[in-house]
Structures are given as C-alpha cells and as structure tokens.
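Work through the exercises below with the sequence and the model open beside you, and try each task before reading its solution.

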Amino acid sequence: MSDVIIVGGGIGGLSAAFALTRKGLKVQVLERSPEFGEVGAGIQIAPNCTRILSAYGLLDEAKALGVLPVSIIMKDALDGTVLTSLDLKDMERRYGTPYMVIHRSDLHGLFLDACRNAGVDLRTSQQVTKYENTEGGARVWLTDGTAHEARLVIAADGLHSAARKQLVGDEPVNSAYVAYRGAVPIARVRENNISETDVVVYIGPRCHFVQYPLRGGDMFNQVAVFESPKAKAGEEDWGTPDELDAAFAHATENVRCGLPLMWRDRWWRMFDRDPVMTWVYGRIALLGDAAHPPLQYIAQGAIMAIEDGYVLAEHLAANPGNWAAALAAYQAVRPEHCRRVVTASRDWGALWHLDGEKRERRNEIFRARDPRDYSFVDWLYSITALTPAEEPAVFKVIPLDTPVHI
Ligand SMILES: Cc1cc2nc3c(=O)[nH]c(=O)nc-3n(C[C@H](O)[C@H](O)[C@H](O)COP(=O)(O)OP(=O)(O)OC[C@H]3O[C@@H](n4cnc5c(N)ncnc54)[C@H](O)[C@@H]3O)c2cc1C
C-alpha cells in the first residue's frame with residue numbers, strides 16, 4: 001500500500017508527488033487522462049515559486065527551459081502609454097531567486113521527469129469518482145469499480161474537482177471573463193513592436209492583454225482576457241471569437257495586431273471559487289485548484305499549488321507517522337494564505353478593468369509609483385510561510401481617491 005495517493009497529475013499533483021517522495025514517502029498518482037500533459041501556453045512563476053524549485057534542485061533546469069524577463073511593464077490598453085513597471089533584476093536581488101516565464105508543458109514535464117526519477121508510481125486513465133475515510137487512512141473509488149487505499153489521499157483534481165463536490169459541495173463562480181491564449185515562433189511577431197525581454201501587460205476597460213517571450217526567446221506567448229457581453233446576458237454560447245475582436249476593437253494597435261495570432265478554436269471561461277477554510281477531511285486533503293482556484297490576474301494559481309505540496313511535505317517530514325499533526329499544520333497555514341490570494345486576484349482584476357474617471361485615477365496612481373516599490377508583492381514573493389506566525393501582512397490597498405503625491 002502507498003503512503004499517499006494523489007488524485008490528479010497536473011502541476012499541483014505532480015509537484016506534490018515529488019515533494020512528498022523526496023521526504024521518503026511512497027506516493028501513487030492517479031490521473032484520469034490517457035497521458036500526462038499540459039496546455040502549450042506560457043506561465044509566469046514568481047520568486048516564491050522559483051525558491052521552491054531551487055530547494056528541489058530543479059531551478060537550473062527550469063532556467064534553461066524558460067526566460068528571465070528584465071521587467072514587467074504595465075501599459076494602458078487604449079492609448080498604449082506606460083503606466084508603471086517592476087524591475088525584475090532588482091527583484092531577484094531582493095527575494096533571492098528570479099521571476100521566470102516558462103512553457104507550461106516544460107514546467108509540467110520538469111515535475112513529471114522528477115517524479116519518474118524519484119520512483120513515484122504514476123498511473124494514467126484512472127478516473128476517481130468517490131472518496132472515503134477508512135480506519136487508518138482513506139480510499140478512492142475509480143470508474144471501473146476498483147478501489148485504492150493509502151494512509152493519506154490528496155485531491156489535486158483541479159477547478160471542477162470531484163472531491164470538492166463531495167466534501168464541500170460548492171460550485172465554481174463564473175466571472176463572465178474569458179481568456180484566449182496563443183504561443184507562436186518569435187519570428188511571427190517581430191513586426192508587431194513587441195518586447196523580447198519583458199512581460200508586457202496592457203490593461204483596459206473590461207479587458208487586458210499579456211505578452212512575453214518563451215523557450216529561451218524562441219517563442220512568444222500572448223493572452224487576451226475580456227468580459228463577455230453574452231455571458232453577462234446569460235447566453236450559453238459565450239466567449240466566441242467575434243466577442244474577442246469586439247472587446248479589443250478600441251485597443252492600441254500593438255494589442256490589435258496580436259489578436260490574429262491567438263488560438264481561435266479554444267478559449268478558457270474564467271471561474272474561481274469563494275474561499276473555503278477547511279481543506280482537510282480526516283485523511284483526505286484538498287490541494288491546488290481543487291482547494292483554491294483563483295482568477296489568474298496575479299499569476300499565483302499554479303504557484304499556490306506548488307507551495308501547497310512544499311508546505312505539506314515539510315510538515316509530514318517534521319511529524320513522521322503523525323498524519324493528523326501534519327495535516328493540522330497544513331490546514332493552519334495554507335487556506336488563509338490562499339484566501340488572501342483568491343480575493344486579491346478578484347480585486348486586482350477589478351482595478352485592471354476600470355473605465356472612465358476611475359481608470360484615469362488608477363493611471364495617475366500607477367504612473368506615480370516607483371518601479372522598485374515592492375510593498376504590494378512582498379506578502380506574496382518574500383516567503384512561503386510554514387506557520388501562521390510566518391505569514392506576512394497583506395499589502396495595504398491605495399484608495400482611488402488618494403492624492404498622487406502621497
Ligand atoms: C489563462 C490562465 C493563465 C494562468 N496563468 C498563470 C500564471 O501565470 N501563473 C500561475 O501560477 N498560475 C496561472 N494560472 C493558474 C494555473 O494554471 C492553475 O492554478 C494550475 O494549473 C492548477 O493546477 P492543478 O494541478 O491544481 O489543477 P489542474 O491543472 O486542473 O490539474 C488537475 C488534474 O487532475 C486531473 N483530474 C481531474 N479530475 C480527475 C479525476 N476525477 N480523477 C483523476 N484525475 C482527475 C485532470 O485531468 C488534471 O490533469 C493561469 C490560469 C489560466 C486559466
């Protein structure tokens with residue numbers, strides 16, 4: 001019998017499997033798809049994630065696969081002017097490890113290889129339908145009627161988690177926003193006045209557009225996000241490409257010339273969930289998007305999932321054989337941190353998508369900020385807290401009516 005069964009082989013499940021295995025636990029991963037894999041778009045990973053990759057001995061390989069951008073530049077999506085920026089080189093000095101952008105399948109593949117090398121029992125085509133606690137652990141049931149048992153079961157089965165449905169019973173919250181993605185060879189965008197060294201984010205009324213290089217600079221990733229009028233009107237068929245074009249019709253030219261390169265046959269309707277503060281049910285624990293799916297505006301969803309596995313592994317190692325104590329320590333620190341991130345992501349999205357006078361006030365405040373002011377990311381990037389006492393205070397929101405000279 002395995003010590004731990006992990007349901008779901010996404011970035012959350014695999015990174016947790018590796019974290020637990022390197023602490024000496026026998027781990028089995030059950031993934032419903034016929035193969036392990038991730039979508040071929042980019043992902044941003046901040047210092048609170050690269051610090052964990054470094055602890056796992058995976059940072060050098062990740063760096064070889066990804067790109068270390070020079071800065072994050074935020075621009076107005078309507079007039080294209082620069083609003084503010086973050087100096088990522090200075091940031092690396094502050095937090096000790098870099099801000100990185102990487103192809104999702106490369107990050108996922110890094111954890112998959114690490115799991116294989118560490119001896120994780122990796123199984124595909126295993127769809128879990130039911131969870132139950134047993135005398136000394138927990139059991140999962142599969143669609144074919146078989147059951148697997150372990151001392152601990154971790155549900156890392158994503159936004160539409162079956163475990164969450166069974167244990168919590170809530171539903172995802174529809175934001176009425178939709179994301180289009182597209183990663184293309186860099187040669188296809190060189191004419192478009194892009195930056196090959198920075199993450200550039202254009203923010204505008206009810207929309208934003210993100211660009212950054214990938215795979216050592218050979219590829220270019222773009223993400224277009226907008227509010228769907230059809231979703232707001234309650235129509236079933238929402239987020240379609242006509243809505244994409246209409247949402248950015250008034251955007252600056254640099255954004256508009258990116259739109260034809262988005263994948264137009266696939267889009268991601270954006271849901272999160274209201275935070276829940278209980279993730280542990282006997283010997284069954286939620287992890288990753290199953291526990292805390294965010295809107296992705298502060299790019300912490302996959303990072304939180306990786307942090308969950310790291311924190312749980314540290315507590316399991318500190319409490320050998322005492323599953324209840326380790327789970328209590330995990331439960332004590334992670335739900336509150338992720339509650340803060342999920343709610344901050346909603347607030348951040350609202351700020352990005354402002355229109356009219358409020359947009360102008362926001363722009364003034366952004367233009368006045370120092371690129372080396374880290375007060376609004378310190379609480380995210382400075383530490384992955386193992387205990388509530390280590391958790392930093394959340395940044396203080398600047399009200400829109402604050403005079404800019406303050
Ligand atoms: C447009 C967009 C951009 C984003 N950008 C960023 C970013 O820059 N940085 C960042 O940190 N995050 C980002 N995120 C968020 C991030 O993608 C997710 O938070 C993260 O991938 C969640 O990982 P997970 O492993 O918890 O879930 P998932 O990736 O959803 O994995 C769940 C796995 O479980 C499997 N599964 C599901 N049900 C079952 C079952 N019943 N039995 C067995 N297996 C099952 C699935 O097949 C899947 O493999 C972004 C999200 C979006 C939509």
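**Exercise 1.** Decide whether Cys-257 is buried, partly exposed or exposed, and then establish how many disulfides the model holds.

*Solution.* The model is a predicted one, and in it Cys-257 has a relative accessibility of 27%, so this residue counts as partly exposed. Cys-207, by contrast, has a relative accessibility of 4% and therefore counts as buried, since the cut-off for that class is under 20%. For the second part, a disulfide requires two cysteine sulfur atoms within 2.5 Å. The cysteine sulfur closest to that of Cys-207 belongs to Cys-257 and lies 15 Å away, which is too far for a bond. Cys-257 is likewise in no disulfide, the sulfur of Cys-207 being its nearest. The count is 0 disulfides.

**Exercise 2.** Find which helix holds Leu-110, and state which residues Leu-110 touches beyond four places in sequence.

*Solution.* Leu-110 sits in helix H5, which spans residues 104-118. Its relative accessible area is 2%, so Leu-110 is buried. Leaving out residues up to four places away in sequence, Leu-110 touches Leu-58, Glu-61, Ala-62 and Leu-65.

**Exercise 3.** Determine how many residues the largest nonpolar core has, and which helix gives the most to it.

*Solution.* The largest nonpolar core has 112 residues, and among those with the most contacts inside it are Met-91, Leu-107 and Phe-111. Helix H11 (residues 323-352) gives the most to this core, contributing 11 residues. A second, separate core has 18 residues, including Tyr-180 and Phe-209.

Key. Residues numbered from 1 in each chain as written. Predicted model: local features only at pLDDT ≥ 70, side-chain atom pairs only at ≥ 80, totals over all residues. Heavy atoms only, no water. Buried < 20%, exposed > 50% of the residue type's maximum accessible area, 1.4 Å probe, protein only. Helix = DSSP H or I, 4+ residues; strand = E, 2+ residues; numbered from the N terminus. Contact = heavy atoms within 4.5 Å. Core = buried A, V, L, I, M, F, W, Y, C linked by side-chain atoms within 4.5 Å.
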